[in-house]
Amino acid sequence: MALMMLVAWTVISVQGKATLKSQTTELLNKWVQSLEDGDRLYAQLESIRPADCGPDHLRRLNTIVFHENSISNIWYFGAETTHAQCSSVFGAFDPPIDLGDPTRGLFSTDDRVTWYNRPISAIEGLYTLTVVKKGSYGVSFTRTGNLAVAEDDQFYVADPGDPDKIRSQASGNPDLLTAYKNDFGPMVGNIYARACSDGSISLCYLTMISSVTVLWENKWPLTIFFLFSCITGFLVSQRVNRIVHKMRSPAGRIRRAVARGGAGFVPYYQPIMTLEAMECQGCEVLARFEDEYGKLYPDQFIATIQELGLTWEFTEIIIKKALKDLSPLLAGRPGFKVAVNFFQADLEDDRIQTVIGSPVFKLAADAKISLSCEILETGIRAGTSIAKSLEYLRSIGCSIAIDDFGTGYSNLAQVKALKPDLIKIDKMFIDDLTHNSDTARSAFINVILDLASAQGISVCAEGIETMEQLAALRNRSVDFGQGYFFAKPMPIQDFSLYLLEKAMKRRIPETERLGKLFPLVR
Ligand SMILES: Nc1nc2c(ncn2[C@@H]2O[C@@H]3COP(=O)(O)O[C@H]4[C@@H](O)[C@H](n5cnc6c(=O)[nH]c(N)nc65)O[C@@H]4COP(=O)(O)O[C@H]3[C@H]2O)c(=O)[nH]1
């Protein structure tokens, strides 16, 4: 945008400078013409007799002014060469006005006219530029603009009688600039530019022309400038919007979190219980996410992770965090299974060596934690190399679980081929399970149980919420269960307490037995 504005501004400046230069040259020519007119006039004026400021004298002065193009007023000084006796515009002065040296300029400002800094109320409001005096007469020129020259920040006024001669000067004098501003009338404004002369004197003619004039006279750069501004403004705002939106979108947030090594991802743990002994034999690791923009739940970010192709990076982050959380907790619990959800994409194709061969498995082995790889039933597709990956995982000590079983369309042969250690029956089959239920879903559970028992595969029921569901599952000899009935997924602090509490309860019968063996003697 800055570049576009620079281009637009350069175009305007170049155009503006050209305009200023031509206007300055025009002004200079008019000025020289005026001076020549004045010179021609003096001889004629000196011949006027009698010069007494009487009606006849004034009429003759007026007649001369009438026929002149560039002369606006004729002054008569008489014997007192510094005192104006009369003028063609103002008539006779009584008493005469002391003008001092009338070869100097007269400047007018908005609210007063100053002649040598002395207000002359009689001619207030009129704009007379310069009086050039020769002999008894002086002339004021028709306003053609003043000629000014500038060198660096010095500001000079040219002598009207000799444009090459500098008569007055000011350095940043605001009064003088104001005076010029007014003398230039509507042309003058807040922009001034220099058009340097080519001559030997290193002076630049300075004129001031309003920015409005410059822009107005150069409509096309102005149009381009505004168009550029509008378009760039629009594009920039769009871009900013997109960036902000991207940053706040789930995709942006997840990408940032993964890039920062998993900041914002927190593993939660949900206990997996043995339904016979009702003991916590393992847990499922379920990811949660929270950053400065708030929380995201798995149904909001799991698909995004897949779309971004960050599946393994994410799984590694979760496994590492879970191992760090659980290592101190599971030291005395051999056989405790930590189930982690895997993405199907990571188990397919050539990812097996690069991805599955990850150091996280070594970390798990070092911490003596047995991982269980959960893979969605919907992820089982014929013709993929998923079986090879699962074989590899099994070889490094990972057990295999088919998650959300019943929601996919895998046939039993496909499932058998994968040789899973565990099948997790989806919650929807558990939802309408009652003690005596004989619905189609409940019949499906029986089929799975038969299949699993024939193949030596364990079964876990997901989403157990009620005592009734639990009873029905225990009656069917389902091995494991998971659900809000036992506990919701929880952060590591709560999960540690949960395990501790369970361990304490297990010891109670022992304590009771001890109590019986060694009753308290009071
Ligand atoms: N209504 C009800 N819900 C229960 C009950 N017991 C457990 N759940 C919920 O059911 C989901 C079980 O996990 P899932 O089938 O693996 O389904 C998971 C899993 O497929 C995926 N997911 C979660 N964390 C991860 C992860 O770290 N990696 C991968 N790849 N997927 C994950 O997101 C899914 C949803 O996870 P969550 O929202 O944590 O939802 C969890 C859990 O909170 C219950 O009794 N009632």
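These are my notebook entries on the salt bridges and the ligand site of this structure.

**Entry 1: the model.** I am working with a predicted model, and I began by looking up its salt bridges, of which the structure holds 11.

**Entry 2: Glu68 and Arg40.** I looked at the side chains of Glu68 and Arg40, which meet in a salt bridge with a distance of 2.8 Å from N to O. Glu68 lies in the loop between α2 (55-67) and β1 (71-76), while Arg40 belongs to helix α1 (residues 2-46), so this pair ties together parts that are 28 residues apart in sequence. I then checked how far each partner is covered: Glu68 has a relative accessible area of 13%, and because buried means under 20%, I noted Glu68 as buried. Arg40, at 45% relative accessibility, counts as partly exposed.

**Entry 3: Lys424 and its partners.** Which residue forms a salt bridge with Lys424, with the closest N and O atoms 3.0 Å apart? I found that this partner is Glu284. The pair links distant parts of the chain, since Lys424 is in strand β20 (residues 422-425) and Glu284 in strand β15 (residues 279-291), 140 residues apart. Lys424 is buried at 0% relative accessibility, and Glu284 is buried as well, with a relative accessible area of 3%.

I also found a salt bridge between the side chains of Glu462 and Lys424, at 3.9 Å from N to O. Glu462 lies in the loop between β21 (458-461) and α16 (467-475), and Lys424 in strand β20, so here the parts tied together are 38 residues apart in sequence. Both Glu462 and Lys424 are buried. Putting these pairs side by side, I noted that Glu284, Glu374, Lys424 and Glu462 are linked in a network of salt bridges.

**Entry 4: the ligand.** Where does the ligand sit? I found the ligand in the largest pocket. The elements that give two or more residues to the shell around the ligand are β15, α7 (298-308) and β19 (399-405), and the largest share, four residues, comes from β15. Of the 20 residues around the ligand, those that come nearest are Glu284, Arg288, Asp403, Glu465 and Tyr484, and I recognised Glu284 from the salt-bridge network.

I then looked up individual contacts. An N or O atom in the side chain of Asp403 is 2.9 Å from an oxygen atom of the ligand, and a polar side-chain atom of Glu462, also in the network, lies 3.3 Å from an oxygen atom of the ligand. For Glu465, a side-chain N or O atom is 2.6 Å from a nitrogen atom of the ligand. Taken alone, the ligand exposes 800 Å², and the protein buries 80% of that.

Note on methods:
Residues numbered from 1 in each chain as written. Predicted model: local features only at pLDDT ≥ 70, side-chain atom pairs only at ≥ 80, totals over all residues. Heavy atoms only, no water. Salt bridge = Lys/Arg side-chain N within 4 Å of Asp/Glu carboxyl O. Buried < 20%, exposed > 50% of the residue type's maximum accessible area, 1.4 Å probe, protein only. Near = heavy atom within 4 Å. Polar contact = N/O pair within 3.5 Å; in protein donor to acceptor, adjacent residues only side chain to side chain. Areas by Shrake-Rupley, 256 points an atom, 1.4 Å probe, with all protein chains shown as cover. 1 Å grid on protein atoms, 1.4 Å probe; cavity = no way out; pocket = protein on both sides within 12 Å on 5 of 7 lines; lining within 4 Å. Sits in = over half its atoms within 2 Å of the grid points.
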